[in-house]
Amino acid sequence: MPFILFSQSTFKGMIMDKNNPKNNLGVEGASVHWLNTNIGATTNNKGWFTIDYKTGYQKLVVSYIGYKTDTITIKNLKPIHHFLTEESNLDEITIKSKRKAIQKSFLETANIFTVNAEELLKAACCNLAESFETNPSIDLSFSDALTGTKQIQMLGLTSPYLLITQENIPSVRGASQVFGMTFTPGTWVESIQITKGAGSVVNGYESISGQINAELVKPFSDNRFFLNAYSSLNGRFELNTHFNQKVSEKWHTGLYVHGNYRGEKFDKNKDGFLDNALANQINVMNRWQYTDAEKGWVSFLNVRFLNDEKQTGELDFNPTIDKGTTNKWGSEIDTKRFDSSAKLGYVFPEMPFQSIGFQMAYSNHQQDSYFGLNVYDIEHQSLYSNLI
């Protein structure tokens, strides 16, 4: 009786998901077929398939919706276990770029420059006025040699024609016009936006020659604790501390303390007058931030107190003895200022390009000063509100 030899006529295998290799989860409904043939099969609910086989079949094509199509080379008839890879999985790439310290906006219609923290670090100290010493966009000069007051010029016009805001709320105006730029410590500033030329009247009417807006550090993103100390050969000492705390899921608060002192007298040009005014300032701000990204609400609350004392005049001027006399010419400027502000904004979740913002600020500025025999006292209260 003759013998009849039967060869294997089927091929088996299992198709699995590469994202779940540990669970051995099979892919149900995956299609397999031999390359350039109409012979195919579909995996069952456990990922297994059985397909007809003939001698010469070597390329098995596996496809599934949402996954990459693979072509497998079959070298023997042992069952295979093959993993599919999702179509959306791409190789990881890393893009690095360095942001310039001063950036110009090409999307705004106005001529706006943004000065970030890297540019501010170029100046070792100290307040908002001194932050522009390394910036060529703004001319910074001394308005008088006695008090050391610094004046900003833009497009040839001085600060009365320049709108200076703090988070888009006018801050340097009225009684604070002369010394207001020195009332914002440099470590409190996150970035500065400079607009050359006439700006928007949304935040005020003074922006004839330009606008300077200082964005303060946020309790949400600032360091939990920050300590900065500074001293110089001209007898100036500074200390800055930041304390930030997360109160709840949506509330953050920060306490910012700044102090500077200059008590040593210098007269290097030998003219008999102080080169720099003697100064003593304490500046404290409490800041609250509310953020509800899901509903589109964001709010800021600020409360600040400032006490600033300055003495200038002749080198040998003693306020206790020479005040109100013609013995020695001298001047003292004592400023106490209280600020509070509130900002409430709502961004429509379905229309992120539309929003409603409300701003309110109150300030009480008291300055007791005299220049020689002339007494110059100021008391200025200001209330500001804006609905955008």
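Reader: Buried means under 20% relative accessible area, exposed over 50%, and partly exposed in between (1.4 Å probe, protein chains only). Is asparagine 302 buried or exposed?

Author: This is a predicted model, where local features need pLDDT of at least 70, side-chain atom pairs need 80 or more, and totals for chains, interfaces and linings use all residues. Numbering runs from 1 along each chain as its sequence is written, and side-chain values use heavy atoms, without hydrogens or water. Asparagine 302 has a relative accessible area of 8%. That is under 20%, so asparagine 302 is buried.

Reader: In which strand does asparagine 302 lie?

Author: Strands (E, at least two residues) and helices (H or I, at least four) are DSSP runs, numbered from the N terminus. The run to look for covers residues 297-313. Asparagine 302 lies in strand β21.

Reader: Which side chain makes a polar contact with the side chain of asparagine 302?

Author: A polar contact is a pair of N or O atoms within 3.5 Å; within protein, one must be able to donate a hydrogen and the other to accept it, and residues adjacent in sequence count only through two side-chain atoms. Asparagine 302 touches Glu167, Asn286, Arg287, Asp339, Ser340 and Ser341, leaving out residues up to four places away in sequence; contact means heavy atoms within 4.5 Å. The polar contact, at 3.0 Å, is with the side chain of arginine 287.

Reader: Which residues are linked with Arg287 in a network of salt bridges?

Author: A salt bridge puts a side-chain nitrogen of Lys or Arg within 4 Å of a carboxyl oxygen of Asp or Glu. Side chains of opposite charge can pair when their charged atoms come close. The whole structure holds 11 salt bridges. In this network, Arg287 is linked with Glu167, Glu190, Glu215 and Lys218.

Reader: How many residues apart are lysine 218 and glutamate 167?

Author: The closest N and O atoms of their salt bridge are 3.8 Å apart. Both residues are buried. Lysine 218 sits in the loop between β16 and β17, while glutamate 167 sits in the loop between β13 and β14. The pair links distant parts of the chain, with a separation of 51 residues.

Reader: How far apart are the closest N and O atoms of lysine 218 and glutamate 215?

Author: Lysine 218 and glutamate 215 are both buried. They form a salt bridge, and its closest N and O atoms are separated by 3.2 Å.

Reader: Which residue forms a salt bridge with aspartate 339?

Author: Aspartate 339 is also on the list of residues that asparagine 302 touches. Aspartate 339 and its salt-bridge partner are both buried. The closest N and O atoms are 3.0 Å apart, and the partner is arginine 337.

Reader: Which strands each supply at least two residues of the largest nonpolar core?

Author: A nonpolar core joins buried Ala, Val, Leu, Ile, Met, Phe, Trp, Tyr and Cys residues through side-chain atoms within 4.5 Å. This core has 18 residues; Phe11, Ile15, Val32, Trp34, Phe49, Ile51 and Leu60 touch the most other members. The strands are β1, β2, β4, β5 and β7.

Reader: How many residues make up the other core?

Author: This core lies apart from the largest one. Among its members are Ile152, Leu162, Val189 and Ala214. Its size is 14 residues.

Reader: Which elements give two or more residues to the nonpolar surface patch?

Author: Patch residues have over 30% relative accessible area and no salt bridge; nonpolar side chains (Val, Leu, Ile, Met, Phe, Trp, Tyr) are joined within 5 Å, like charges within 9 Å. Phe225, Leu227, Leu239, Phe243, Leu255, Ile282 and Val284 make a patch of about 610 Å², an area from the Shrake-Rupley method with a 1.4 Å probe and only the protein chains shown as cover for residues. Phenylalanine 243 is partly exposed at 40% relative accessibility. The contributing elements are β17, β18 and β20.

Reader: What polar atom lies 2.7 Å from the side chain of serine 331?

Author: Serine 331 is in strand β22 and is buried at 0% relative accessibility. Residues it touches include Lys310, Phe317, Tyr370 and Phe371. The side chain of serine 331 has a polar atom 2.7 Å from the backbone oxygen of tyrosine 370.

Reader: What is the C-alpha to C-alpha distance between aspartate 275 and glutamate 314?

Author: Aspartate 275 is in the loop between β19 and β20. Its relative accessible area is 27%, so aspartate 275 is partly exposed. The two residues are 39 apart in sequence, and in space their C-alpha atoms are separated by 9.6 Å.
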